[in-house]
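Me: Please take a close look at the salt bridges in this model. I want the pairs, the distances and the burial of each partner.

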Amino acid sequence: MKSSIQIVRGIESLFGTRDENIRLLESGLNVRARLLNDALEIEGDDAGVLRAEGILKDYASLMKEGHVFNNGDLNSFLRVVTCDPGTSLRGLVESGKQRSFGKKVVAPKTITQRRYVDAIEHHDLTFGVGPAGTGKTYLAVAMAVSALLQKRVSRIVLTRPAVEAGERLGFLPGTIQEKVDPFLRPLYDALHDMLEPDKIEKLLERNTIEVAPLAFMRGRTLNDSFIIMDEAQNATPEQMKMILTRQGFNSKMVVTGDPTQVDLLAGQRSGLIEAIEVLRTIEDIAFIQFDDRDVVRHNLVQKIVKAYERYNEIIGANRQLSLKLSDPALKISEPAAEPVRPEAVPETRLA
């Protein structure tokens with residue numbers, strides 16, 4: 001089946017960098033696309049062509065209405081609509097309402113991100129769990145900045161465990177803050193994306209925004225605060241219980257982490273994994289699970305995450321098989337050897 005869809009405006013953003021958007025459409029729907037003057041010809045099986053036609057018509061009408069797709073937005077939307085037949089491009093764009101976070105205007109790019117933002121709005125404690133690049137920390141910081149600017153909280157507290165990722169850096173020079181700042185750099189990066197540098201400096205000086213390692217949280221009660229616990233997979237169970245019990249009145253807390261990237265010493269259990277098991281049944285706590293479809297970094301990151309997931313599944317299956325084979329109860333018992341009987345010795349008689 002063939003179909004031709006007229007694209008008058010935005011043909012460059014439709015194709016994307018190195019035609020990545022069109023390639024995504026082709027691979028996701030098993031169709032072939034060809035540019036003909038001001039139209040795009042789609043060829044393939046009936047279902048794929050009809051689906052692509054609907055997506056492209058939505059794109060053309062949104063562009064005609066003046067909608068602007070920012071860098072990477074269209075690619076993220078196409079990942080969703082090519083995987084989920086019940087989702088339309090227009091519905092995804094219109095339902096993911098844009099929000100102003102200081103100098104940044106952000107709209108959730110995937111269905112899970114939208115659920116995550118809604119969960120943070122409606123719950124006092126939210127867990128965002130999933131692979132790198134899914135926007136867990138970025139969106140949490142954006143929601144915190146929004147709450148502070150709207151005066152719904154009086155301060156933001158950003159914390160994470162000061163755990164090195166596999167390599168030992170030794171003793172770092174400087175004051176305590178200068179020693180821990182390298183571990184907290186991702187949180188500063190997100191802040192600088194939302195607010196002007198001079199405003200961040202003033203808020204940090206007044207302790208309106210506090211960025212501190214997890215070890216500094218013991219014994220505190222954080223009232224009227226928006227608390228973000230990042231890299232929670234590197235907290236021990238004791239540290240996790242400690243930070244979760246710091247939440248005071250009129251406060252929100254967001255806990256983010258990736259259980260597949262634990263940097264604790266061998267034998268130490270991740271506090272994030274334990275907390276999910278312990279708190280799963282409490283109704284007032286939201287748990288949002290991200291996966292590789294929610295990755296909003298470079299396309300390769302999504303493929304890398306998926307490859308590691310497949311590898312871990314195979315390794316896990318092989319490990320379970322080896323454990324079963326090494327179980328003494330499952331070993332096939334060999335038949336017992338018959339006792340060796342001594343050969344009969346002929347009786348000798350004395351003459």
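Reply: The pairs come one by one below, followed by a surface patch.

This is a predicted model, where local features need pLDDT of at least 70 and side-chain atom pairs count only at pLDDT 80 or more, while totals for chains, interfaces and linings use all residues. Residues are numbered from 1 along each chain as its sequence is written, and side-chain values use heavy atoms, without hydrogens and water.

The structure holds 10 salt bridges (a side-chain nitrogen of Lys or Arg within 4 Å of a carboxyl oxygen of Asp or Glu). Side chains of opposite charge can pair when their charged atoms come close.

Start with Glu41 and Arg34. Their closest N and O atoms are 2.9 Å apart. Glu41 is buried, at 14% relative accessible area (buried is under 20%, exposed over 50%, partly exposed in between; 1.4 Å probe, protein chains only). Arg34 is partly exposed, at 47%.

Next, Lys57 pairs with Glu53. Here the closest N and O atoms are 3.9 Å apart. Both residues sit in helix α3 (residues 46–64), and because they are 4 residues apart, about one helical turn separates them (helices are DSSP runs of H or I, at least four residues; strands are runs of E, at least two; both are numbered from the N terminus). Lys57 is partly exposed, with a relative accessible area of 47%. Glu53 is buried, at 17%.

Now Asp124 and Lys252. Their side chains meet in a salt bridge at 4.0 Å, N to O. Asp124 lies in the loop between α6 (111–122) and β6 (125–129), and Lys252 lies in strand β10 (residues 252–257), so this pair ties together parts that are 128 residues apart in sequence. Asp124 is partly exposed, at 49% relative accessibility. Lys252 is buried, at 15%.

There is also a network. Arg160, Asp230 and Glu231 are joined into one by salt bridges that share partners.

Last, the patch. Leu300, Ile304, Tyr308 and Tyr311 make a nonpolar surface patch of about 460 Å² (patch residues have over 30% relative accessible area and no salt bridge; like charges are joined within 9 Å, nonpolar side chains, namely Val, Leu, Ile, Met, Phe, Trp and Tyr, within 5 Å). Areas come from the Shrake-Rupley method with a 1.4 Å probe; for residues, only the protein chains shown count as cover. Tyr308 is placed in helix α12 (residues 299–326). Tyr308 counts as exposed because its relative accessibility is 55%.
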